Amino acid sequence: MFRKVCAAAFVLALALRYTLPVMADNSPGHRDADVRHFVPADKALPQGWTESLSQRGQTRVYRGKELDTIGMPVGGIAAGQLYLCGDGTLGCWQLFNRDYFSGTGAKNYAFRAPDKPVDQGFAAIAQTDGSRQVKRLNRLEFSEVEFIGEYPIGRVRYHCPDFPLAVEMEAFSPFIPLCAADSALPATVFHITVRNASGQPVRAGVRGWLENAVCFHNATDIRGLRRSRVSSQNNRAIIVHSAEKRPPDSRPDARPPIVVADFEGDSYGDWVATGEAFGEKPAIGTAPHQQPVSGFWGKGLVNSFAGGDSPHGTLTSPLFKVTRKHLNFLIGGGHHPEHVCINLIVDGAVVRTATGRNHERLLWDSWNVEPFAGRDAQIVIVDERSGAWGHINIDHIELSDEPRKGPSEPVDQLEDFGTMALALDGPAARATAARYGSEGQKETESTHSKVGEGIAYPVAERGYGEITTESAALAPGEGRSFTFVVAWHFPNCGDRGRHYTTRFDDAEQVAGYVLDHHDGLTRDTRLWHDTYYDSTLPYWLLDRIGSTVGNLATGTCHWWADGRFWAWEGVGCCAGTCTHVWNYAHAVARLFPSLERSVRERQDLGAAFHDGGLVGFRGQQNRAYAADGQLGTVLKCYREHQMSPDDGFLKKNWARIRSVLEYAIERDGNANGIIEDSQHNTYDINFHGPNTFVGSLYLAALRAGEEMAGEVGDDEFARRARAIFESGRRLAVERLFNGEYFIQDVDLKEHPESQYGRGCLSDQMFGQGWAHQVGLGYLYPADHVRKALESVWRYNWAPDVGPHNAAHPPERCFARPGEAGLFVCTWPKSEHLDKGVRYRDEVWTGIEYQVAGHMIHEGMVTEALAIMRGIHDRYHPLQRNPYNEVECGDHYARALAAWGAFTALSGYEYHGPQRRLGFAPKLTPENFRAAFTAAQGWGAFSQTRENDHQIDRLEVRWGRVDLQTLVLAIPDHLESPTVTATLDGQPVTAGHALRAPGRLVISFTRQITVEPGRVLEVNIS
């Protein structure tokens, strides 16, 4: 339906010739006579469609071609990346500690079917009247396959007319909000239910198999063995896959290698350096501002990043005689043939050359030098390239009779070394481990190893394990469920490790833990799913918001062994739990607040904190300043305080939080509440001059600082922050509000690029949206805020991005013609700045969610839903994976802003240390129900209204919620309401007062605790 609307809007735009101004300029603010604006002010959205946005709808079932792109993350949070594909097979398999960057723009915003490089699956087995049928659970063997993906649980249904069994698979990794440890298990649980769909008795079972993919990336380059074995204990069967070092071959005729250079000294010795690229001596590991360098031997190496990528130079060896068959060396760095390389010189000519792979890790490379036996040779290492990857890393050059290729580390130190397991909860009729046959097919059963024995085979070969359940007798209509677990354990994740290795030694232990605690893990995961989806909110909206939460279970997120939660911006792209991108993300803080607190304490107020309060925006102490990230750090600290059960976090960290805000105040200069200097930000540029993108975050941070200072008794600082805030809000309105929206006050002659000036920036009210998220009130007059958001809707959201992007092509494509989207920035009142704010003509889902969440708080619910529906339709599975919203790389973190829209819909407010919880439903307040989370528990809030009678119910499903104050929305005309409260039907003593028209504050005379099975009910009339 939405695509039809987009097409209709595009036709309408052409008919009305939107190369002209969208309307007569009778609105406040000046419009230049030659302005050409391509976003229609009238969105021409049919009434029936807008009404459908808020309708409950039905569970979405995908079929046919819709299954092609689906890849729902089904691993634990920060435990790697594994997809449940549309047909129930597993795809992606990014578990092996590599950084998988998919690109950006047209490359990653494309139709992509998940790859399935590891052979894993299940098959249903049916025995009837002496015949036996086996069908693998996929689209090739079942004619009817249906997928229902409601994160964290995916369900796949299989049916085939000529097969007596109907099959349903339920797959998930345990996901329990507030319980981070059990939500970060490197495992996927499968419940496979077979049901007799025929009219005759059937014996039914399930077969599962898993390939040994240990050493997935390095198998072809290393000398090692894979091992697969069967373990049967506690009425379970487990296949365990591993790898190990291969015994050395006995070669009595092999000559020992000759080391040409190992670069372990404090100088280059007889090697001659020219230029500045290589410095005066070998490097010791990673250079300043360089990505981590690994794979070198010993302490020293050649690293031409000594002064960054700009310096050039050469490093030349003395002459040496070729006395072996091969010349081996470790190489990393840039891939720029002829310009950044290592060369072998014989008789003055380059006879061999090699380059890096645009990666800092050093790998073995080898040249066959037999043709030059007995001759003199020389090595020249060259760096003649500036810019990205304009450097080279070299180590351990040797002459040898054996070539070396691939990684330098021993097998057990490789990033893809580890274990995998397939487990069945229950007795197995058969459990085997085997190699694959020479033709790529599984070997015959006669070659399978006996149960309990392991088999070992060269790591370059493939092997697998297989488990078949005992069969169950099923009468017509009867069913039986079988539980399998796929688990993994890959500990070598750089020098930081993975948190799951602090709990488990291998994948067998992981699988055992999951099965030992299966009932509780499954119950609580289903309980969260049911609580989230048992809502009055539309199914499509719950799917869209929930799908972004899946980003936590992808390569974007890491949980280090030392307890620090760390993340890319998108998978493999832009490191450091970047303060400005993660400004948008609310899901982790609300669902797993302990993880978000670890980012504040271990990163922003720890590893990235500088004396004076600067927070390195990429999680390092490197003096890298981002204005929006600096201010967002204060706001995030306030949010983390609110999501704590007590004030311990704030008291422990207040001194540094205050320093972070004081650093921002210093950038203000005269402390008038307006930041005017150079402001680096999330658009990868610097804004100059006053603007409300940074300015609203500044005002919100000042208010958050005031509140926190008040709570810790730092009254002097609270007063100072308030005074700066009052000045800033006044000056911003005077200098930046043009009657419709807030602009940037900048001299475009002095700063002609990367600014927005008179443009309408979608993020102009970012700080105000944050203020609503944490209960700070209005930063600017409410009518100005509303008007600015109306302008963002009017000027920046297009039902079809095509006309605008035809006139102003985006740097990167994240919405195609015919699709709806919210542009980063437009210039409806002045000439489009073709060199304006970077990414101006792009569409980012994170900004869309941020704006939509704020619109909901301002009562612009229909507009907010339309924006989010546009995202939902762009990510329809006929076009791309609905669980992978991209920006720079896959599963981009900014999309986690969607949770802010979810909390906005319920008008959620919370302050754990003050035991205060509040709701003000923005959609169907007469009949509303949605999930909520608190510091120690979660559950469901519901509200009904009829005439002047309102009932609010709080049900805690998991943990506990301690309450001293409950804040509720009531009809504005109720000025003296009657209020009664009960807990489990028993009266609770409380007072009440109106905080503002339509806002009721209920204060309990003593703290009450709501736990599972208990219901707090409030009656208002």
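Select Arg945 first: Gln950 in β44 stands opposite Arg945. Keep in mind throughout that this is a predicted model.

**Around the starting pair**

Widen the selection to β43 (937-946) and β44 (949-959). The two strands run antiparallel and are joined by 10 bridges. They form a hairpin with 2 residues between the strands. Click on Asn947 in this hairpin: its phi is positive, near 55 degrees.

Now colour β43 by burial. Of its 10 residues, 7 are buried, so the strand is mostly covered. Go to the other neighbour, β42 (927-933). β42 and β43 pair in the antiparallel sense, over 7 bridges. They too make a hairpin, with 3 residues between them. To see one bridge, select Arg929 and its partner in β43, Ser942.

**The six-stranded sheet**

Zoom out to the sheet that holds these strands. It is open and has 6 strands, in the order β42-β43-β44-β50-β46-β47, with antiparallel pairing. Which strands are at the edge? They are β42 and β47 (986-987), and each pairs on one side only.

Move to the β47 end. Strand β46 (residues 979-983) pairs with β47 over 2 bridges, in the antiparallel sense. Select Thr982 there: its bridge partner in β47 is Pro987.

Next, show helix α4 (residues 518-533). The helix lies across β42, β43 and β44. Its direction is at about 25 degrees to β43.

**Rings and charges**

Show the aromatic side chains. One cluster is formed by Trp528, Tyr532, Tyr533, Tyr539, Trp899, Phe902, Trp938 and Trp958. Stay on Tyr539 and add Arg56. Arg56 lies over the face of Tyr539, at 3.8 Å from the ring centre.

A second stop of this kind is Tyr436. Here Arg462 lies over the face of the ring, at 4.7 Å from its centre.

How many aromatic pairs does a search of the whole structure find? The search finds 45. Select Phe263 and Trp271 to see one of them. The pair is edge-to-face, with 5.3 Å centre to centre and 65 degrees between the planes. Phe263 and Trp271 are both buried.

**The five-stranded sheet**

Select β40 (909-911) and β41 (916-919). They belong to an open sheet of 5 strands with mixed pairing, in the order β40-β41-β45-β49-β48. At its edges stand β40 and β48 (990-996); each has a single partner strand, so one side of each has no neighbour in the sheet. On average, neighbouring strands are turned by 20 degrees against each other, direction ignored.

Look at β41 beside strand β45 (residues 961-969). Parallel or antiparallel? They run parallel, joined by 4 bridges. Select Leu917 to see a bridge: its partner in β45 is Leu966.

Then step into the loop between β40 and β41, where Arg915 is found. Phi of Arg915 is positive, near 55 degrees, in a residue other than glycine.

**The cores**

Keep Leu917 selected. Leu917 is among the residues with the most contacts inside the largest nonpolar core. The others named with it are Leu165, Met169, Phe484, Trp582 and Tyr683. This core has 268 residues. Its largest share, 11 residues, comes from helix α10 (residues 692-712).

Apart from this core lies another, of 28 residues. To find it, select Leu344, Trp367, Ile394 and Leu399, which are among its members.

Return to Tyr683 and show what surrounds it. Leaving aside neighbours within four places in sequence, its contacts include Tyr584, Phe693, Leu761 and Asp763. Val824, Val837, Arg838, Tyr839, Trp844 and Ile847 are also in contact with Tyr683.

**Two loops to finish**

Select Ala78, in the loop between β2 (71-73) and β3 (81-85). Its phi is near 60 degrees, a positive value in a residue other than glycine. Is Ala78 buried or exposed? Ala78 counts as buried because its relative accessibility is 4%, and the cut-off for buried is under 20%.

Last, select Tyr151 and Pro152. The peptide bond between them is cis, with omega near 15 degrees. Pro152 has its place in the loop between β7 (144-150) and β8 (153-159).

Definitions and conventions
Residues numbered from 1 in each chain as written. Predicted model: local features only at pLDDT ≥ 70, side-chain atom pairs only at ≥ 80, totals over all residues. Heavy atoms only, no water. Core = buried A, V, L, I, M, F, W, Y, C linked by side-chain atoms within 4.5 Å. Buried < 20%, exposed > 50% of the residue type's maximum accessible area, 1.4 Å probe, protein only. Contact = heavy atoms within 4.5 Å. Pairing = 2+ DSSP bridges. Axes fitted to C-alpha atoms, helices over the stretch in contact; angles between N-to-C directions. Phe/Tyr/Trp six-rings, centres within 6.5 Å; stacked < 30°, edge-to-face > 60°. Lys NZ or Arg CZ within 6 Å of the ring centre and 35° of its normal.
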